[in-house]
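User: I would like a close look at one part of this model, with the rest brought in only as far as it helps. Please keep the answer connected.

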Amino acid sequence: MSDERPQVLVVEDEVNIRQFVRLALEAEGCAVIEAGRLADGLRRAGEGHVDLVVLDLGLPDGDGIEFIRSYRGWSEGAVLILSARVEERQKIDALDAGADDYLTKPFGVGELRARVRALLRRRQRNAGEASPVFCFGEIRVDLARRLVTRGGEEVHLTPIEFRLLTMMIAHPGQVLTQRKLLAEIWGPSYVESSHYLRVYVGHLRQKLEDDPAQPRHFLTETGIGYRFQPGP
């Protein structure tokens, strides 16, 4: 039986704060996923459906703003910042990067729960809107429903395959470097792991190209990266 509760990912390196936030979220009826580092947070976000990310900006392996920019490359899920940073410029930078709300530490459980309720209500309203759909060849990608079909038949993609696909179709005709794709999909600590990218681009070609050996859509730019070409 599927879990119908809102799925919330908490990315926070301080264990005590993470436990405090977990208890508050569970009191709101949420299912909570935890991560203590930026790279782990991106990985957990890509493993399944997430309705809301509660994010600390000061993470041991990078700035939370890096997480937001990467996450926004493939997800419209709500992001609530929890941070001890109080400078206006830092709040503006986080919101400009794609965060939805900002809560300064220390904070009370009542205000946290109220902001979470507001963000989840907003997401539920948006879920009723028309799904953004992208088509190329026989492929139809429903981004909101995370559904890919080929000639009307559903194609199963893993979470990482779907993230890679959405990242590429968001930049049609543009060369995306290996480092950019690796950083945004796997996290900054994976920027040298180009073999991951070769494997997953190969998976997309097998599943979505008419002739994987001679791809028309997922093109290699030798020594640089990859380019998505929607048309012939």
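Which residue of strand 2 stands opposite V8?

Analyst: The model is a predicted one. In it, the residue of strand 2 that stands opposite V8 is V32. This pair belongs to the contact between strand 1 and strand 2, which pair in the parallel sense over five bridges.

The two strands are part of an open sheet of five, ordered 2-1-3-6-7, with parallel pairing. At its edges are strand 2 (31–35) and strand 7 (101–104), and each of these pairs on one side only. From one strand to the next, the twist averages 20°.

Helix 1 packs on this sheet and touches strand 1, strand 2, strand 3 and strand 6. The direction of helix 1 makes about 165° with that of strand 2. One residue of helix 1 (residues 15–27) that can be followed in detail is R18. Its relative accessibility is 14%, so R18 counts as buried, the cut-off being under 20%. Not counting residues up to four places away in sequence, R18 touches V10, E12, D13, E34, A35 and G36.

V10 leads on to the next strand in the order. V10 stands opposite V54 in strand 3, and strand 1 (residues 7–11) is joined to strand 3 by four bridges, the two running parallel. Beyond that, strand 3 and strand 6 (residues 78–83) run parallel and are joined by five bridges. Here L55 stands opposite I81 in strand 6.

Strand 3 (residues 52–56) is largely enclosed by the rest of the structure, because five of its five residues are buried. Its two faces are both covered: on one side L52, V54 and D56 are buried, and on the other V53 and L55 are too. Further along the sheet, helix 4 (residues 88–97) lies across strand 6 and strand 7 and runs at about 145° to strand 7.

An annotation from the record can be set beside this. The unreviewed UniProt entry carries "domain: Response regulatory" over residues 7–120. That span is 46% helix and 25% strand, and its end C-alpha atoms lie 10 Å apart.

The nonpolar cores come next. In soluble globular proteins, nonpolar side chains tend to be buried together. The largest nonpolar core in this model has 24 residues, of which F136, V148, L165 and L208 touch the most other members. At least two residues of this core come from each of strand 9 (139–142), helix 6, helix 7 (178–185), helix 8 (194–208) and strand 14. Helix 6 gives the largest share, six residues. A second, separate core has 23 residues, including I33, L42, A45 and L57.

Helix 6 (residues 159–169) is itself largely enclosed by the rest of the structure, because nine of its 11 residues are buried. The buried residues are E161, F162, R163, L164, L165, T166, M167, M168 and I169. Two of these, L165 and I169, are in contact with F136. Leaving aside neighbours within four places in sequence, the other contacts of F136 are V141, L208, H217, F218, F228 and P230.

F136 also takes part in the ring pairing. There are nine aromatic pairs in the model. One of them is F134 with F136, a tilted pair at 6.3 Å centre to centre with 55° between the planes. The two partners differ in burial: F134 counts as partly exposed because its relative accessibility is 22%, whereas F136, at 3%, counts as buried. F136 also pairs with F228 edge-to-face, at 5.0 Å centre to centre and 80° between the planes. This pair links distant parts of the chain, since F136 is in strand 8 (residues 133–136) and F228 is in strand 14 (residues 225–228), 92 residues apart. F228 has a relative accessibility of 1% and therefore counts as buried. Together with F218, the residues F134, F136 and F228 form one aromatic cluster.

To return to the starting point, V8 faces V32 across the pairing of strand 1 with strand 2, and strand 2 is an edge strand of the sheet.

How values were computed:
Residues are numbered from 1 along each chain as its sequence is written. This is a predicted model: local features need pLDDT of at least 70, side-chain atom pairs count only at pLDDT 80 or more; totals for chains, interfaces and linings use all residues. Side-chain values use heavy atoms; hydrogens and water are left out. Buried means under 20% relative accessible area, exposed over 50%, partly exposed in between (1.4 Å probe, protein chains only). Contact means heavy atoms within 4.5 Å. Rings of Phe, Tyr and Trp (its six-membered ring) pair if their centres lie within 6.5 Å; planes under 30 degrees apart count as stacked, over 60 as edge-to-face and the rest as tilted. UniProt positions are given in the numbering used here, feature names are shortened, and annotations may be inferred rather than shown by experiment. Two strands pair if DSSP finds at least two bridges between them. Axes are lines fitted to C-alpha atoms, for helices over the stretch in contact, and angles run from 0 to 180 degrees between N-to-C directions. A nonpolar core is a set of buried Ala, Val, Leu, Ile, Met, Phe, Trp, Tyr and Cys residues joined through side-chain atoms within 4.5 Å.
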